[in-house]
Amino acid sequence: MNDYAGQHEVISENMTSQITTELARYVQELKQERKSHFHDGRKAQQHIETCWKQLESSKRRFERDCKEADRAQQYFEKMDADINVTKADVEKARQQAQLRQQMAEDSKAEYSSTLQKFNHEQHEHYHTHIPDIFQKIQEMEERRIVRIGESMKTFAEVDRQVVPIIGKCLDEITRAAESISQKDDSQLVIEAFKSGFEPPGDVDFEDFTQPIKRAVSESSLSNSKDGKPESRFSSKSKGKLWPFIKKNKLSLKLGAGPEDFSNLPPEQRRKKLQQKVDELNKDIQKEMDQRDALTKMKDVYIKNPQMGDAASVDHKLAELGQNLEKLRSEAQKFEGWLAEVEGRLPVRSEQTRRQSGACEPQNTLTVNHCAQDRESSPDGSYTEEPSQENEMKAPATDFDDEFDDEEPLPTIGTCKALYTFEGQNEGTISVTEGETLYVIEEDKGDGWTRIRRNEDEEGYVPTSYVEVFLEKNAKGAMTYI
């Protein structure tokens, strides 16, 4: 799958470098060229419009001069026919008529010249300039089309180069899918999550016809309290017996489990301890390598004082020595716990057998084997009988849960998530801001509220992350944030 994705990244990179970048630059060039052609077209249109305006102006002037000349000629003829007008007035009217006639002739000549010029410009405009501009735009578009075709061809070549590799990737994906073994996968999950707990033994027969004091069988799952044995499948131990869990209940000391991982089942605890020992050994080796390097550097400084002060590394060497001692102490402590777990996992030793229903207080290894002699606390952890002299606290295990067919807790109200909470720890539940859920257990002072989304999803969220609305019949109808 990674190789398959990598080939698509190759396609993307080649398309970006060979197609997208070049096309972006080419598009900018086309925009500038198109702008230039449209500018030439507007310029030619403005020129022909200017020529038309000049022609109109020359035509109007010629028309006006002709009318003025006609009026002047009529006035002269009128003055010439009138016997009461002096000769000087007649001569003046004649000169005025001749002047107007000359102006009309000049306007006619100018109009004729302007008309010829406009006709020539109009012919050039519609038969030369505009066709040239449209031809240039057409050629530009044809070049663009050719360039797009070349880009598509380049894309095909880029894709064709990786098609064989993609085909191999798909063949490998098919082979990998066909080689999946559900049995092997199941076995891996079993090995990773097996608890290491042993199944209980047979229940001993208790003869009530004999007045003697009866000893509690080691394999018995009953819990003797005040002389009254509990049912074999009482709610105190059913979480221990049945690992078909709905939701884990824990004391909500989230992220602060015991240092020796004693809250985990034996097999899981062994794996965690082994992992911690390996990490400490790696840290020890790293510190030792640093110490060796500084020691060599100090020797070089001693032999060649001009290269540096040998005393300058003493502080660092002392610090590394202290770190090594601390890491070795930690490693020794975890190796001791690991040895205890590995020594107990194969078989149960005789020291773990209970006499008269009690565990040996001095043996800390029997904590997980005397869980049935303890009461299940509300948070899912086991505690010793109150009558025991040395009270031992056993952390909650992964199986401290109720039967699947147990009656679910009733809802006591609703809540609205004020913030998004990622429930990554066991026993918590993820919520999204604005989501509405059901409240099934109030905050008991530890800062956590138990909520439910549906029949299969419930868990704890920080009380400060939700706004709770309790029902009126639920403990005083309090509403808190």
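Over which residues does pLDDT stay under 50, and how many contacts beyond four places in sequence does the model have for them? The stretch is residues 346–405, and the model has 125 such contacts for it. This is a predicted model. Where pLDDT is low, the predicted coordinates should not be read in detail. The protein chain as a whole averages a pLDDT of 77.

**Confidence**

- In the protein chain, 75% of the residues score at least 70 in pLDDT.
- Residues 346–405 stay under 50.
- Residues 475–481 also have a pLDDT below 50.
- The model gives residues 475–481 17 contacts beyond near neighbours in sequence.

**Overall make-up**

- The protein chain holds six helices and 11 strands.
- It has 481 residues, and 29% of them count as buried.
- About 32,200 Å² of the protein chain is exposed. Carbon and sulfur atoms supply 52% of that area.
- Take the contacts between residues at least 6 apart in sequence: 64% of them join residues at least 24 apart.

**Strands β6, β7 and β8**

- β6 and β7 run antiparallel, joined by four bridges.
- Cys 415 has Leu 437 in β7 as its bridge partner.
- β7 also pairs with β8, again in the antiparallel sense, over three bridges.
- Glu 441 stands opposite Arg 450 in β8.
- Six residues lie between β7 and β8, and the two strands form a hairpin.
- Gly 445 sits in the turn of this hairpin, with a positive phi of about 100°.

**Nonpolar cores**

- The largest nonpolar core has 15 residues. Cys 415, Val 431, Val 439, Ile 451, Val 461 and Val 468 have the most contacts inside it.
- Five elements give two or more residues to this core: β6, β7, β8, β9 (457–462) and β10 (466–470).
- β10 gives the most, with three residues.
- Another core, of 11 residues, lies apart from the largest one. Its members include Ile 284, Leu 324, Phe 334 and Leu 338.
- What does Ile 451 touch, leaving aside its neighbours within four places in sequence? Its contacts include Cys 415, Val 431, Val 439 and Val 461. Ile 429, Leu 437, Tyr 438 and Ile 440 are also among them. So are Glu 458 and Gly 459.

**Tyr 460**

- Tyr 460 is found in strand β9.
- Is Tyr 460 buried or exposed? Tyr 460 counts as buried because its relative accessibility is 8%, under the 20% cut-off.
- Tyr 460 and Thr 449 are 11 residues apart in sequence. In space they are 5.4 Å apart, C-alpha to C-alpha.

**Salt bridges**

- The count comes to 21 salt bridges.
- Lys 67 forms one with Glu 63, and their closest N and O atoms are 3.5 Å apart.
- Lys 67 and Glu 63 are separated by about one helical turn because they are four residues apart in helix α1 (residues 2–81).
- Lys 67 is partly exposed, with a relative accessible area of 47%. Glu 63 is partly exposed too, at 43% relative accessibility.
- Glu 330 forms a salt bridge with Lys 333, with 3.3 Å between the closest N and O atoms.
- Glu 330 and Lys 333 lie three residues apart in helix α6 (residues 314–344), so about one helical turn separates them.
- Glu 330 is partly exposed at a relative accessible area of 25%. Lys 333 counts as partly exposed at 28% relative accessibility.
- Arg 453 and Glu 435 meet through their side chains in a salt bridge of 2.7 Å, N to O.
- This pair links distant parts of the chain, 18 residues apart. Arg 453 is in strand β8 (residues 448–454). Glu 435 is in the loop between β6 (413–417) and β7 (436–441).
- Arg 453 is partly exposed, at 25% relative accessibility.
- A network of salt bridges links Glu 441, Lys 444, Arg 450, Arg 452 and Glu 458.
- Two members of this network also face each other across strands: Glu 441 stands opposite Arg 450 in β8.

How values were computed: Residues are numbered from 1 along each chain as its sequence is written. This is a predicted model: local features need pLDDT of at least 70, side-chain atom pairs count only at pLDDT 80 or more; totals for chains, interfaces and linings use all residues. Side-chain values use heavy atoms; hydrogens and water are left out. A salt bridge is a side-chain nitrogen of Lys or Arg within 4 Å of a carboxyl oxygen of Asp or Glu. Buried means under 20% relative accessible area, exposed over 50%, partly exposed in between (1.4 Å probe, protein chains only). A nonpolar core is a set of buried Ala, Val, Leu, Ile, Met, Phe, Trp, Tyr and Cys residues joined through side-chain atoms within 4.5 Å. Contact means heavy atoms within 4.5 Å. Two strands pair if DSSP finds at least two bridges between them. pLDDT is the predictor's confidence in each residue, from 0 to 100. Accessible areas come from the Shrake-Rupley method with a 1.4 Å probe; for residues, only the protein chains shown count as cover.
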